[in-house]
Amino acid sequence: MKAERTDEEAVRLKALRQYQILDTEPEEAYDSLAQLAAYICGTPMALVNFIDEHRQWFKARVGLDVPEMPRNVGLSYLCQKRRDIVVVTDTLANEEFAQNPVVIADPYVRFYAGVPLITPTGDMLGTLCVLDRVPRELSQKQMDALLALSRQVISQLELRRNLAEVSRYAEELKRTETSLRESEQRLNLALQTARLGSWQLDLKTEELSASNQCKVNFGLPSEAELSYSKLFEYIHPDDRASVQESVKQALENKTDYEAEYRNIWPDSSVHWALARGRGVEEVNNKPTRMIGVTLDITDRKQVEEEFKRQNRRSQLFAEITVKIRETLQLEEILHTTVTEVQKLLQADRVLVFQLWADGSGTVVQEAVLPGWPVILGKNLFDPCFKEEYLERYRQGRFSAMEDIESAHIQPCHREFLQQFAVKANLVVPILVREGIWGLLLAHQCATPRRWNSFETELLQQLANQIGIAISQAQLLEKETCYSQELARSNAELEQFAYVASHDLQEPLRMVTSYLQLLEKRYKTKLDANADQFIAYAVDGAHRMQTLINELLNYSRVSTRGQPFMPVDCSAVLKQAIANLKVAIEESGAIVTHDPLPEVIADATQLTQVFQNLISNAIKFRQNLTPQIHIGVVKGGTDADRESLNVIPSKDEWLFWVRDNGIGIESQYVERIFVIFQRLHGRAKYPGTGIGLAICKKIIERHGGNIWVESEPGQGSIFYFTIPDRAGKQS
Ligand code: ADP
């Protein structure tokens, strides 16, 4: 109940506020009504009051000085409660009123008659009341008059509210009008700055009215007449149909019309336009007009075009660069270049021309549109292609001719070009290491053509790429030739060594046996000198024999090698040690070894490697017992790793032969593997200088490496690797 009352009170207060009466200036209408009430009822005081949350505020008052009173003071609450006229003839006669502040103090009210002010929507806003300081009664007529006056107050209020609304509306109208005017101005400004042209088309009469900017977008002066059919004459012939179709579709489907098309301006320049529009003012469900805007989008289109071309250019570069890396096939690279460039530039012919020292040249690649002369494979000589031209190209300059008819060239050069139907050409040099290799050319045969910077740059950059490809291809060719040559001369050398050593053996055997015969028969029979000479000769012949045998061994490493088989390295080492039995015993050498693996190899050759290395370890010993150790480790394992300076790779075995001999100075560590290279005189350490060369050849035949680590006086370690072919045997 209470809540309901609070709600009611809230509604009442809201209604009161709508009239916007509180705290307003006195108004004649209300004052007159109050005076009339006092006059009719014969009272000295009369009020028109409005009741808000806290007070009764007096809009009009007669006989009272205060502008308002607290809400809980006075008798207005009676009207609010009863919602009807209230008459209290004598306040002192009623206990309820006798103590009211207005009764016991100023204005000492003894008589009260009030009428509630109720709006048409039923909200009680205040009262119209009359008061007296003496008791009094009201006749029915007086009460009726008071009621009539209260209705007048309400009418005044309503009038006031309506007036307020009207003026608000008028103000709003004014505001709308101003803002409309402003927004029209803004729109015009926007249209101007955006260079938006506006137009409207009467769909029945096809009458077209266009703004000045719209005409500017077609390259026309503002006084130019522009009709719908005329407009189409300005649109690029290739775009007319699509524009017409867009308009039709938009009208049929009642969608917005949008089209991008090219305009041809009176000066023949081509400009891009964007048009947007909409059908309006429908009659019988069909638009009668179309309104819209046009915008010059040439700049945007150019940026877009440039962006597209850049994209295609990067793509082309990527393709050609990939080709260079992948194939090194010059022909393929050149072929891709000419076909792609022809497509990209829309040129009638693109070709690569290789120049020769005599000034002539050959068309080595060509992409040409059907209908134009094919010159692929032709050897051409242009007598007018002067040295100075070449020099300019050599310096990286290009040449672009828009129209050879009017170009500043010699007549003979013009004739030369005309025989291939060339009307315009673009030529860039292909340079290889400062020299000129040839030319990359684009021809236009149908019409003259102005080449833009994009086109010249593209061609130049491609020519650079081609230059790189050519020098790489040349290097590869050289490399291939070189290694083929090397292989051939190696084979020849081996053949020579074999034949020489083989054929020398027979005469040498004869020399040796006759020398031995001489020694046997004539020793001590000739003089002492003769004996010595014979001894030298025999020794020489022996050494020659050894040398020849070793040479034969060397040449046989590749010619007489056995297929690779699983080989037990301990058996191989055992055999090598057995072969060196005498030397080991004589020197007292101690040979130890790690457990040795099985490898895939040529057993005889591996025996020879171990034998040569151990024999050297004994031969090049110091004055102490030779200690020789053969070690091995498999790549990718941890075995013995800490004592090694080398880490073998995962798929190989690393062997080493370590001795405590005289060692080798660091500057010789590579030389000793070269055939016939020795570090000592024969008198001190006999030998031929072939042993390590044979080892190297054998190890390399197996796909491994051999090297030495040594310090003079500290001994040497000879390392060699053998690939682990277990399970990969072919
Ligand atoms: P040769 O032993 O017939 O002289 P090699 O080709 O076997 O020929 O060796 C070439 C040279 O390398 C030797 O003359 C020697 O100076 C040096 N050399 C080889 N092995 C060792 C070694 N274990 N210690 C020191 N020097 C060595």
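How far does a polar side-chain atom of Arg678 lie from an oxygen atom of the ligand? It's 2.7 Å, and I'm calling that a polar contact, meaning a pair of N or O atoms within 3.5 Å.

Quick caveat before I go on: this is a predicted model, where local features need pLDDT of at least 70, side-chain atom pairs count only at pLDDT 80 or more, and totals for chains, interfaces and linings use all residues. Residues are numbered from 1 along each chain as its sequence is written, and side-chain values use heavy atoms, with hydrogens and water left out.

Okay, back to the ligand. Lys619 also puts a polar side-chain atom 3.0 Å from a ligand oxygen. With Leu692 it's the backbone instead: an N or O atom there lies 2.8 Å from an oxygen of the ligand. And the protein covers 98% of the 530 Å² of accessible area the ligand has on its own (that's Shrake-Rupley with a 1.4 Å probe).

So who's around it? There are 21 residues around the ligand, counting a residue if one of its heavy atoms lies within 4 Å. Asn616, Asp659, Arg678, Gly689 and Leu692 come nearest. By class, that shell has nine nonpolar, nine polar and three charged residues, with Gly counted as polar.

Now the elements, which are DSSP runs: helices (H or I) of at least four residues, strands (E) of at least two. α18 (603–619), α19 (691–701) and β24 (715–723) each supply at least two shell residues, and α18 gives the most, with three.

Terms used. Polar contact = N/O pair within 3.5 Å; in protein donor to acceptor, adjacent residues only side chain to side chain.
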